[in-house]
Amino acid sequence: MLSLNLIGIDADLFTQSRQQLAGELVLSELDSRVSGHELLLDANDRLAYRLTGGVDRWQRPFVDIEVSGQVHLQCQRCLRAMTQTLNESAHMVLFADEQALDEAMLADDALDGAVFEAQINAQTLLEDQILMALPFSPKHDECSEDMPAQSDKTHPFAALAALTDKQ
Ligand SMILES: [Zn+2]
């Protein structure tokens with residue numbers, strides 16, 4: 001597998017000729033802000049990605065970014081592993097400069113934009129996308145019963161018993 005950070009994308013060519021770059025990435029090959037992320041438990045997890053270049057009807061170059069697959073996250077209630085499906089996509093419009101970007105962003109709240117750079121860093125784009133896809137505080141729908149760390153289903157009498165013990 002070709003390491004992602006070795007893939008330099010010529011932004012002009014990629015968008016004007018509507019190219020595509022797709023493959024699979026392993027979390028461990030990404031920057032530590034992803035590979036060392038506190039929620040991500042298994043750096044061997046793999047995700048499929050696809051970058052698609054194009055030009056919209058206002059002649060603005062764009063890149064569509066898609067990341068999907070399953071990762072192991074740490075449940076924030078029982079602290080055990082849970083499987084989370086990520087299925088994230090973004091449409092990023094590229095602008096000539098900061099001013100054009102700011103104006104477009106003001107006019108359109110939902111717009112996802114960036115300043116055009118001659119070389120697109122595929123790895124950084126995908127890392128940003130993965131970080132945005134991660135839930136803020138992932139939890140099992142129901143944590144398993146044999147480890148009721150901070151379950152809110154604690155039996156009321158268990159709490160009472162704990163109180164009684166302290167007296
Ligand atoms: Zn849990």
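Select Cys78 to begin: in this predicted model, the residue counts as buried because its relative accessibility is 5%. Cys78 sits in the loop between S4 and strand S5 (81-95), and it is one of the protein donors of the zinc ion.

Now show the zinc ion together with its donor atoms, which are Cys75 (SG), Cys78 (SG), His140 (ND1) and Cys143 (SG), lying 2.0 to 2.4 Å from the ion. If you display the angles that the four donor atoms subtend around the zinc ion, you will find values of 104 to 122 degrees, and the arrangement is therefore tetrahedral. Along the chain, the donors follow the spacing C-x2-C-x61-H-x2-C. Within this set, Cys78 and His140 link distant parts of the chain, since they are 62 residues apart and His140 belongs to the loop between H4 and H5.

Keep the zinc site on screen and select Cys143, which counts as buried because its relative accessibility is 19%, under the 20% limit for that class. Although cysteines take part in this site, a search of the whole structure finds zero disulfides.

Move next to His140, in the loop between helix H4 (122-133) and helix H5 (156-166). Is His140 buried or exposed? At 18% relative accessibility, His140 counts as buried. Besides its role as a zinc donor through ND1, the side chain of His140 reaches the backbone oxygen of Ala81 at 3.0 Å. To see the surroundings of His140, add Cys75, Arg77, Cys78, Arg80, Ala81 and Met82, with which it is in contact once neighbours within four places in sequence are left aside.

From here, turn to the strands and colour S3 (46-55), where seven of the ten residues are buried, so that the strand is mostly covered. S3 pairs with two strands that you can select in turn. Strand S2 (residues 20-26) runs antiparallel to S3, and seven bridges join them; in this pairing, Leu25 stands opposite Leu47 in S3. S4 (61-74) also pairs with S3 in the antiparallel sense, over nine bridges, and there Arg50 stands opposite Glu66 in S4.

Follow S3 to the place where the chain passes into S4, a hairpin with five residues between the strands. Which residue of this hairpin takes a positive phi? It is Gln59, with a phi near 65 degrees. In the loop between S3 and S4 you will also find Asp56, which counts as buried because its relative accessibility is 12%. The side chains of Asp56 and Arg60 are joined by a polar contact of 2.8 Å, and, not counting residues up to four places away in sequence, Asp56 touches Phe62 and Val93.

For the last stop, select Leu13, which is found in helix H1 (residues 11-16). Leu13 counts as partly exposed because its relative accessibility is 46%. Leaving aside its neighbours within four places in sequence, Leu13 is in contact with Arg18 and Gln19. Finally, draw a distance from the C-alpha of Leu13 to the C-alpha of Ala118: the two residues are 105 residues apart in sequence and 9.5 Å apart in space.

Methods
Residues are numbered from 1 along each chain as its sequence is written. This is a predicted model: local features need pLDDT of at least 70, side-chain atom pairs count only at pLDDT 80 or more; totals for chains, interfaces and linings use all residues. Side-chain values use heavy atoms; hydrogens and water are left out. A disulfide is a pair of cysteine sulfur atoms within 2.5 Å. Buried means under 20% relative accessible area, exposed over 50%, partly exposed in between (1.4 Å probe, protein chains only). Helices (H or I, at least four residues) and strands (E, at least two) are DSSP runs, numbered from the N terminus. Contact means heavy atoms within 4.5 Å. A polar contact is a pair of N or O atoms within 3.5 Å; within protein, one must be able to donate a hydrogen and the other to accept it, and residues adjacent in sequence count only if both atoms are side-chain atoms. Donors are N, O and S atoms within 2.8 Å of the metal (3.2 Å for Na, K and Ca); water is not among the atoms, so sites may look incomplete. Four donors count as tetrahedral if all angles lie between 85 and 135 degrees; four count as square planar and six as octahedral if opposite donors are over 155 degrees apart and all others between 65 and 115; anything else is irregular. Two strands pair if DSSP finds at least two bridges between them.
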